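This report goes through one protein model, from charged contacts to surface patches, helices and backbone angles. The sequence and the structure come first.

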Amino acid sequence: PNQDSQYGSTERQQEPESPYHLQENRGSSSDESSSSVDSEYEMSLTELLYSSSSYHAIVKPVTLTMTLSALSVIFVNNEETIQNGEEELAAAYQVFDTENATGSEKLTLSLLNTLIMVCVIACMTFVIVFLYKFRFMKVLIGYMMFSSACLLGVLGGNLWYTAIEIYRWAVDKFTFTMAVYNFCIVGVISIFWAKGVPTFVTQGYLVATSVILAWQLAHFDAWTAWCLLFMLAVYDLCAVLTPCGPLKALVNLMQHEDAPEMPGLLYEAELPPEAQRPGVPRNRSDVANSIPSDIGNSGDEINDPVVDDRSVLTPNQPGPDENSVHIDPPTIEVPLAIAHVYNLEVISSKAMEIPPPENPTVKQLKATVVVKLPAEGGRLERIPNTRRVAFLERDRFGVPKRTVWVDKQGKVFAEVVDDDDENGSSRGNTIRLGLGDFIFYSILVAKAAQYSFATFAACLLVILAGLGGTLVLLSVYHHALPALPISIGLGIIAYLVTRLSIEPWIEAVMRTPYYV
């Protein structure tokens, strides 16, 4: 899924080398063969635990969203509102009129209409990639906030107004207006600011956003709705996996070292501490010794990052082993000031000649250089999606120690990592799923619920099964995957099979008496 496109991708920290990589040694002894089998088992077990934990974390909000969407479509609608909704959406989105067309003509025209919609979505996604690539972040954030405010305020107000009209609730205009206004403003703050806002409030607004939009789009006529879901699944597959796909380009841009945080409607779910992401070390001698203890306090400054008594990341010296495999030391891009503090060997740099000068300027201290880390011992990790370029230092057992960064004057600062903040950021061990996946799952389930409870239940179950399969593939392939194709494909098949085959068969069995 987009863990970071808008369609269900998952974010993963890039490691220099996977600790679970198995290397073949044909001259190994039986003990080494047993160790290789154990390593393979550990790798598969880690992937299984991570995918199951991810599924358990995300299945509850997805199920809640689909259920609420189906209930809203059934109970916050009547024949008049459904008819009016179909006419309004047809006037706004359909290029080819399908009202008087026959069955095959309706299918063809609906596919053409939805193809045009998907092309517009693709163009808008390319615009977002362009804005993100050239760092028009204020424009991008402003657009996202405006869209979210319109969705919560206008469409959400329309949903509540429809409910009030159907059930004849006594609400005056002033109270209704103030309630919708506050709902909109608090929602935008919770989604895009989130500081000081409880996590469950932000998650609740994301679920509400999905339900509101799913209720609105479920007013498409049946042909257009199902064709739209099919076309979106195909588009998601192409956008994430093809080399020229806009979502693939967006994910690649977000993996750059200096990539800013991408604003967007992403549902973030916490994973349990034991859910170790495949490729991230757990207990392995591959992480850093600490910097000197005189910077142990939060926010302490290394006043002179290029002094001679700077700390050294020294590798652990392994004992002689004739069967040991030589592994090239990993590399990482860091500011020159941090490279001097850790006494790391500079390999290359685009901003200066190698070796660097003994007395670098402030500009040179802030310049990015490629350094070589010890093959066994210390590690530094770039903390992704932060406003400042920061790095996480781990001890030799993989335990986070502190974050380090360089200020505008080229001075290195460090901050101790709390025990409950193991990733060096507030994000922690989480999985994120694009809200678009929530919305389109909900539309499919809502349209199925309009026909019968059996189609609703069948589609809901196969969507959850498809989401689980996608998460398993995510833990195996370790890169962003589209979350729509498997679930939407299974949902469409389940709907057709249940409506055209299973339900008629059950009704025939119920009408015909059988004696045993």
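## Charged contacts and surface

Glu507 is partly exposed, with a relative accessible area of 39%. The model in which Glu507 sits is a predicted one. Glu507 forms a salt bridge with Arg511, and the closest N and O atoms of the pair are 4.0 Å apart. Arg511 counts as exposed, at 66% relative accessibility. Both residues belong to helix H13 (residues 484-511), where they are 4 residues apart and thus separated by about one helical turn. In an α-helix there are 3.6 residues a turn, so residues three or four places apart point the same way.

The salt bridges in the model come to 3. They are listed here with the N to O distance and the relative accessibility of each partner.

| Salt bridge | N to O distance | Accessibility of the Lys or Arg | Accessibility of the Glu |
|---|---|---|---|
| Lys372 and Glu345 | 3.9 Å | Lys372, 31% | Glu345, 47% |
| Arg402 and Glu393 | 3.3 Å | Arg402, 8% | Glu393, 0% |
| Glu507 and Arg511 | 4.0 Å | Arg511, 66% | Glu507, 39% |

Lys372 and Glu345 meet through their side chains in a salt bridge. Lys372 is in strand E5 (residues 368-372) and Glu345 is in strand E4 (residues 345-348), so this pair ties together parts that are 27 residues apart in sequence. Lys372 counts as partly exposed, and Glu345 is partly exposed as well.

Is the pair of Arg402 and Glu393 buried or exposed? Arg402 is buried, with a relative accessible area of 8%, and Glu393 also counts as buried, at 0%. Both values are under 20%, the cut-off for a buried residue.

A negative patch lies on the surface, formed by Glu87, Glu88, Asp97 and Glu99. Of these residues, Glu99 is found in the loop between helix H2 (79-93) and helix H3 (103-133). Glu99 is exposed, with a relative accessible area of 64%.

## Nonpolar patch

The surface also carries a nonpolar patch, made of Leu64, Leu68, Leu71, Ile74, Phe75, Trp160, Tyr167, Trp169 and Val171. Together these residues have about 850 Å² of accessible area. Two elements, helix H1 (30-75) and H4, each give two or more residues to the patch. Which element supplies the largest share of the nonpolar patch? That share is 5 residues and comes from H1. Phe75 has its place in helix H1 and is partly exposed, with a relative accessible area of 47%.

## Overall content and two covered helices

The secondary structure of the protein chain consists of 13 helices and 10 strands. The chain has 516 residues, of which 46% count as buried. Its exposed surface is about 27,300 Å², with carbon and sulfur atoms supplying 60% of that area.

Helix H6 (residues 199-217) has 19 residues. At 1.5 Å a residue H6 should span 27 Å, and its end C-alpha atoms are 27 Å apart, which agrees. Of the 19 residues of H6, 14 are buried, so this helix is largely enclosed by the rest of the structure.

Helix H11 (residues 435-451) has 17 residues and an expected span of 24 Å. The end C-alpha atoms of H11 are 25 Å apart, in agreement with that value. H11 is mostly covered, with 15 of its 17 residues buried.

## A contact across the sequence

Met254 lies in helix H8 (residues 246-254). At 7% relative accessibility, Met254 counts as buried. Met254 and Lys133 are 121 residues apart in sequence, while their C-alpha atoms are 9.1 Å apart in space.

## Backbone angles

Most residues other than glycine have a negative phi. Arg168 has a phi near 55°, a positive value in a residue that is not glycine. Arg168 lies in the loop between helix H4 (137-167) and helix H5 (173-192), and is exposed, with a relative accessible area of 69%.

Asn343 likewise has a positive phi, of about 55°, although it is not a glycine. Where does Asn343 lie? Asn343 is in the loop between helix H9 (336-341) and E4. At 40% relative accessibility, Asn343 counts as partly exposed.

Definitions and conventions: Residues are numbered from 1 along each chain as its sequence is written. This is a predicted model: local features need pLDDT of at least 70, side-chain atom pairs count only at pLDDT 80 or more; totals for chains, interfaces and linings use all residues. Side-chain values use heavy atoms; hydrogens and water are left out. Patches are made of residues with over 30% relative accessible area and no salt bridge: like charges are joined within 9 Å, nonpolar side chains (Val, Leu, Ile, Met, Phe, Trp, Tyr) within 5 Å. Accessible areas come from the Shrake-Rupley method with a 1.4 Å probe; for residues, only the protein chains shown count as cover. Lys and Arg count as positive and Asp and Glu as negative; His and the chain ends are not counted. The place of a charge is taken as NZ of Lys, CZ of Arg, CG of Asp or CD of Glu. Buried means under 20% relative accessible area, exposed over 50%, partly exposed in between (1.4 Å probe, protein chains only). The expected span of a helix is 1.5 Å times one less than its number of residues.
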